[in-house]
Amino acid sequence: MTNRIREFRARFDMTQDDLARKVGVRRETIVFLEKGKYNPSLKLAYDIAKEFKVQIEEVFIFDE
Amino acid sequence: MKKTIVIFVVAGLVLVSFILWILNTSMSWDLREILMILAGLILAGFAVYFGFKRAKSFARKEPAEDELSKMIMTRASSFSYYISIYLWLFIMYISDKTKWETHTLIGTGILGMAVIFLFSWLGVRFFGLKND
């Protein structure tokens, strides 16, 4: 699974800290997500997508 | 914050115990004793690092634990448990081959488990958790 968190963050002019605070996780978790070292829970994925006002599949791309 | 204080207290107790142990025993400073002291210092250092990490999170008003940190802890625990079984098998094997006392073997095993957990935690953090 890949994601476009960094891209959306830039679009919304958000720092990793801002996003972490908004979705209630540590900044480190956002770093891990952006590096592709961690796949989030469904709830966190939903919260992140909601923060960017898009559907989950627009932020997280599932490889077939 | 309470948990952070507990971590600092435990790290302090480990350090004090090690200092007392070094001062009150006639140490031969052989490789085994040096390794045990090093392992103890590394573990205490790790606990202090862990405490500072939590305190930093507290200061930044972010959660001290979240789904990633909990998952890293769970994965590191299960992996280190698996490896520890082999450590204890090895200790059982060397207990027949050496003249180490029982309390030394148990102490080595406990310290070994802690070191294995530390390296498992570092490994999981380094390689990440691609749970797909």
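In this predicted model, helix 4 of chain A is followed by Lys53(A), a residue whose phi angle is positive, at a value near 55 degrees. The helix that precedes Lys53(A) covers residues 42-51, and its buried residues are Leu44(A), Ala45(A), Asp47(A), Ile48(A) and Ala49(A). An α-helix has 3.6 residues a turn, so residues three or four places apart point the same way. The partners of the buried positions of helix 4 in chain A come from both chains: within chain A they pack against helix 1, helix 2 (16-23), helix 3 (27-35), helix 5 (56-59) and strand 2 (60-61), and from chain B they meet helix 3 (67-97).

Helix 1 of chain A, one of the elements packed against helix 4, spans residues 5-11 and contains Arg9(A). Arg9(A) counts as buried because its relative accessibility is 12%, which is under the 20% that sets the limit for a buried residue. Once neighbours within four places in sequence are left aside, the contacts of Arg9(A) are with Met14(A), Thr15(A), Gln16(A), Leu19(A), Glu34(A) and Phe52(A).

Seen as a whole, chain A is built from five helices and two strands, and these follow one another along the sequence in the pattern β-α-α-α-α-α-β. The radius of gyration of chain A is 10 Å, close to the 11 Å that the globule rule gives for 64 residues, so chain A is as compact as a globular protein of that length. Taken along the principal axes, its C-alpha atoms fill a box of roughly 30 × 20 × 20 Å. Of the 64 residues in chain A, 45% are buried, and among its contacts with a separation of 6 or more, 54% are accounted for by residues 24 or more positions apart. The area that chain A exposes is about 3700 Å², with carbon and sulfur atoms supplying 50% of it. Its charged side chains comprise 13 positive and 12 negative ones, and the centres of these two sets lie 5 Å apart.

Where chain A meets chain B, the contact takes 17 residues from chain A and 20 residues from chain B. The size of an interface is often given as the accessible area lost when the parts come together. Between chain A and chain B the buried area is about 1600 Å², and carbon and sulfur atoms give 41% of this area. On the chain A side, the residues that lose the most area to chain B are Arg26(A), Lys37(A) and Tyr38(A), which together provide 42% of what that side buries.

Chain B has four helices and zero strands, so that its pattern along the sequence reads α-α-α-α. Its C-alpha trace spans about 50 × 40 × 20 Å along the principal axes. Buried residues make up 33% of the 132 residues in chain B, while among contacts between residues at least 6 apart in sequence, 70% join residues at least 24 apart. Chain B exposes about 8900 Å², of which carbon and sulfur atoms supply 73%. It carries 14 positive and 9 negative side chains, and the centres of the two sets are 7 Å apart.

Three residues of chain B can serve as points of reference. Ser26(B) lies in the loop between helix 1 (2-24) and helix 2, and with a relative accessible area of 75% it is classed as exposed, since the limit for that class is over 50%. The C-alpha atom of Ser26(B) is separated by 33 Å from that of Ile83(B), a residue 57 positions away along the chain.

Helix 2 of chain B, covering residues 31-59, holds Arg54(B), a residue that is buried because its relative accessible area is 11%. Apart from residues up to four places away in sequence, Arg54(B) touches Lys3(B), Thr4(B), Ile7(B), Ala64(B) and Glu65(B).

The third residue, Gly107(B), is found in helix 4 of chain B, which covers residues 102-127. With a relative accessible area of 26%, Gly107(B) is partly exposed. Although Gly107(B) and Met36(B) are 71 residues apart in sequence, their C-alpha atoms are 9.2 Å apart in space.

Technical notes. Residues numbered from 1 in each chain as written. Chains lettered and ligands numbered in written order. Predicted model: local features only at pLDDT ≥ 70, side-chain atom pairs only at ≥ 80, totals over all residues. Heavy atoms only, no water. Buried < 20%, exposed > 50% of the residue type's maximum accessible area, 1.4 Å probe, protein only. Contact = heavy atoms within 4.5 Å. Rg over C-alpha atoms; globule rule 2.2 N^0.38 Å. Areas by Shrake-Rupley, 256 points an atom, 1.4 Å probe, with all protein chains shown as cover. Lys, Arg positive; Asp, Glu negative; His and termini not counted. Charge placed at Lys NZ, Arg CZ, Asp CG, Glu CD. Buried area = accessible area lost by both parts, 1.4 Å probe.
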